[in-house]
Amino acid sequence: MEIRGPVVLPARREDIELHTLDGLTLVGELALPQARPPVATLVTLHPLPTAGGFMDSHILRKAAARLPALADLAVLRFNTRGTTSPRGTSEGAFDGGRAEAFDVAAAMDLVTQRQLPRPWLLGWSFGTELALKYGRDHDIEGVILLSPPLHRTSDEELEAWSRVPCPVIAVVPEFDDYLRPAEAKERFSLIPQAVVVPVEGGRHLWVGETQTRRVLTEIVAAVNPDALPLPTEWDGPEAV
């Protein structure tokens, strides 16, 4: 079976709730490798909810569908405050990236409670802003930024990452709507350890299987490179 589109590979999947310090309950899912402990954890932060972003935004959904089986990764997805998906609606209201600091903290609390290993923040678009604003407050292995717009991220916030000893990897589409590779390299030059990965032909929403595979490959290259190359065929059953 070719691994593409909506294919969901086997994993241990659990609906979870996150509880924020300001009293909200957020809904989400934790996906773990089916037969082994995870080697690392992706804490995913979705695109802008006021523009249709949620925990099921397709790259994050496909990461959860494939990477527990293909790369031994735990994948935590959740709806930030006020966001709705088929999993349900998280309490609260969108706050433009301010009170969402509590949402990131609640996700990291669950990582600690479950003793999930080597957490990486994986943000996409708006989610990259949350990762850059609040990731330094938590014990993480690194951050992976998909299509970072840097709208809400100041140069001071970027420069602060130069004092954090962890990788910062920005995966930037050639034809992004907001920030393209040349400008991204200039902005991220404030972080000496930052790596900008330009993706030829890429676009902000990473539509299509070719772009999906490229993005998932870049994620795994950072988090568990021993799992590369990612297979494109699966001989076992799909998840039920």
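Let me start with the contacts in this chain. Of those with a separation of 6 or more, 69% are between residues 24 or more positions apart. Keep in mind that this is a predicted model.

Next, the overall build. The chain has 6 helices and 10 strands. Its C-alpha trace spans about 50 × 45 × 30 Å along the principal axes. The radius of gyration is 17 Å; a compact globule with 240 residues would have one near 18 Å, so the chain agrees with that expectation.

Now the inside and the outside. Of the 240 residues, 58% are buried. The chain exposes about 10200 Å², and 51% of that comes from carbon and sulfur atoms. As for charge, there are 23 positive and 33 negative side chains. The centres of these two sets lie 3 Å apart.

I will finish with one strand, E9, which covers residues 168–173. Why is E9 described as largely enclosed by the rest of the structure? Because 6 of its 6 residues are buried, and buried here means under 20% relative accessible area.

In a regular strand the side chains alternate between the two faces of the sheet. For E9, one side carries Val168, Ala170 and Val172, and the other carries Ile169, Val171 and Pro173. Every one of these is buried, so both faces are covered.

Which strand pairs with E9 in the parallel sense? That is strand E8, residues 142–146, with 4 bridges between the two. To find the pairing in the structure, look at Val143: its bridge partner in E9 is Val168. Val168 is also one of the buried residues I listed for E9.

Note on methods
Residues numbered from 1 in each chain as written. Predicted model: local features only at pLDDT ≥ 70, side-chain atom pairs only at ≥ 80, totals over all residues. Heavy atoms only, no water. Rg over C-alpha atoms; globule rule 2.2 N^0.38 Å. Buried < 20%, exposed > 50% of the residue type's maximum accessible area, 1.4 Å probe, protein only. Contact = heavy atoms within 4.5 Å. Areas by Shrake-Rupley, 256 points an atom, 1.4 Å probe, with all protein chains shown as cover. Lys, Arg positive; Asp, Glu negative; His and termini not counted. Charge placed at Lys NZ, Arg CZ, Asp CG, Glu CD. Pairing = 2+ DSSP bridges.
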